[in-house]
Amino acid sequence: GERNGSFMINFFYSQPALNYGFTEPDPSKPWQLSVDHPACKAVRKELKNIMKYWLDMGAAGFRVDMASSLVKGGPEDKRYKLLCDLWQDYRAWLDKDYPDAVLVSEWSDPTKAVPAGFHIDFLVHFNNSAYTRFFRQEKYRVGNSPFPDGPSVFDKAGKGDVKAAADDLMKNYLPIKDLGYMSVPTGNHDIGRIRQGRSDEELKVAFAMIYTMPGVPFIYYGDEIGMDYVEGLTTKEGGYNRTGARTPMQWDNSKANAGFSTAKASELYLPIDPSKKRPAVASQEKDKNSLLNFTRAILKLRNSSKALSADGELSILYAEHNKYPLVYLRSSGNERYVIAVNPSGQKASAAFGLEKIKSFESAFSQGATLKIENGSCVVDMKPASFIIAKVK
């Protein structure tokens, strides 16, 4: 809003936006400066100084909030060009002086973010329907999605549109797969918890996909143990309906703040989840079948495999409208893995073709089998099931 003669488009009273300039400044509004105005150039230079401070301290890089919003106003194509100029300037500087540093954008459009200069772009709940179609089409699982309420693919109702979601995913992946990375995260601070409405077994199916996607998976703290969204919390510093996804990490089952802090409960920034069923790290570390140990095991497999790594190729083997499962291939050279997921509450099966195959060796599975029958690959899946199998 406008206050004391200054104008910024997106800010909280405690967080004024920095002025990187306007695409087409309005002469009648003197605060609307062009991107090449000395004041805007000074902002850009000062941010480099701040970045340099943290990089010299050992920071690995930066996650950039609302990365597509810094330049304001004007036609979309013209504004995007100026955004590219901005971010490519930062990227060129990092490549020269801090070549190991990473830039990760909250843009949710890898086809724009990666060419603009980012190494990685979060594929999340806005600007793009892919993430929402898969995991958060229901409004209660997002809270602030611009997309219409509907069934997720990863819901036991089994009414999600697998083909539409897979098509959306590939539209994001294919144009940038040789330029940078997309990230399909488990969640973030702006949306509900991925746990909402899902059991541990259903979460394992979701994670089987997320952890075997190309690019760089990010785990929102606590999702690896299945932390839940805490309902009914009073908003804190702009949290609003996001507040329930920001509660403290649950380290153990102690009554004193679940091991998070020795402070009085009343002094915590946000309260601990009061549920008696809340998960904790300590108990899950002792359970070989826990979500935590599942996460550790599948990430160990990912890190041991070129096909499952960030650069491994992705192709869809089976995806149909309003039908399960989803089956896809990760490959690198001669190494190939087939991944099939059935998040629905019903049995599912699929037959698909695959060249140069003798057999499958299952690496991880939950209620699913994969075999060769009459020259075709056939997967049979129980409700809430998945399989990750190496091709022989």
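Reader: In what sense do strand β4 and strand β5 pair?

Author: Keep in mind that we're looking at a predicted model. In general, strands of a sheet pair through backbone hydrogen bonds, either parallel or antiparallel. Here strand β4 covers residues 102–105 and strand β5 covers residues 120–122. Over two bridges, their pairing is parallel.

Reader: Which residue stands opposite S105?

Author: Start from S105 and look across to β5. The residue facing S105 there is D121.

Reader: Which strands are the edge strands of the open sheet of four strands?

Author: The order in this sheet is β3-β4-β5-β6, with parallel pairing. An edge strand here pairs on one side only. That description fits β3 (61–64) and β6 (181–183).

Reader: By how many degrees are neighbouring strands of this sheet turned against each other on average?

Author: Stay with the open sheet that runs β3-β4-β5-β6. Ignoring direction, the average turn between its neighbouring strands is 20 degrees.

Reader: Now the helices: at what angle do α1 and α2 pack?

Author: Two packed helices are described by the angle between their axes and the distance between the axes. For α1 (residues 38–56) and α2 (residues 76–97), the axes are 12 Å apart. The crossing is right-handed, and the angle is about 35 degrees.

Reader: How many nonpolar, polar and charged residues does the contact of α1 with α2 have?

Author: On the α1 side you'll find R44, L47, K48, M51, K52 and L55. Helix α2 brings D85, L86, D89, Y90, W93 and L94. Sorted by class, that contact has seven nonpolar, no polar and five charged residues.

Reader: Which residues does a cis peptide bond join?

Author: Most residues other than glycine have a negative phi, and most peptide bonds are trans. This cis bond has an omega of about 10 degrees. One of its partners, P325, lies in strand β8 (residues 323–332). The joined pair is Y324 and P325.

Reader: What is the phi of E237, and where does E237 sit?

Author: E237 isn't a glycine, yet its phi is positive, at about 45 degrees. As for its place, look in the loop between α6 (200–210) and α7 (281–285).

Reader: What volume does the second largest pocket have?

Author: Let's go round its walls before getting to the number. The lining is made of L329, G333, N334, R336, G353, L354, E355, K356, V391 and K392. These divide into three nonpolar, three polar and four charged residues. The pocket's volume is about 190 Å³.

Key:
Residues are numbered from 1 along each chain as its sequence is written. This is a predicted model: local features need pLDDT of at least 70, side-chain atom pairs count only at pLDDT 80 or more; totals for chains, interfaces and linings use all residues. Side-chain values use heavy atoms; hydrogens and water are left out. On a 1 Å grid over the protein atoms alone, a cavity is a set of points where a 1.4 Å probe fits but cannot get out, and a pocket is an open set with protein on both sides within 12 Å along at least five of seven lines; lining residues have an atom within 4 Å of a point. Grid points are joined across faces, edges and corners, and a volume is the space filled by probe spheres set on the points. Ala, Val, Leu, Ile, Met, Phe, Trp, Tyr, Cys and Pro count as nonpolar, Asp, Glu, Lys and Arg as charged, and the others, Gly among them, as polar. Two strands pair if DSSP finds at least two bridges between them. Axes are lines fitted to C-alpha atoms, for helices over the stretch in contact, and angles run from 0 to 180 degrees between N-to-C directions. A crossing is left-handed if the near helix is turned anticlockwise from the far one by less than a right angle, and right-handed if clockwise. Contact means heavy atoms within 4.5 Å.
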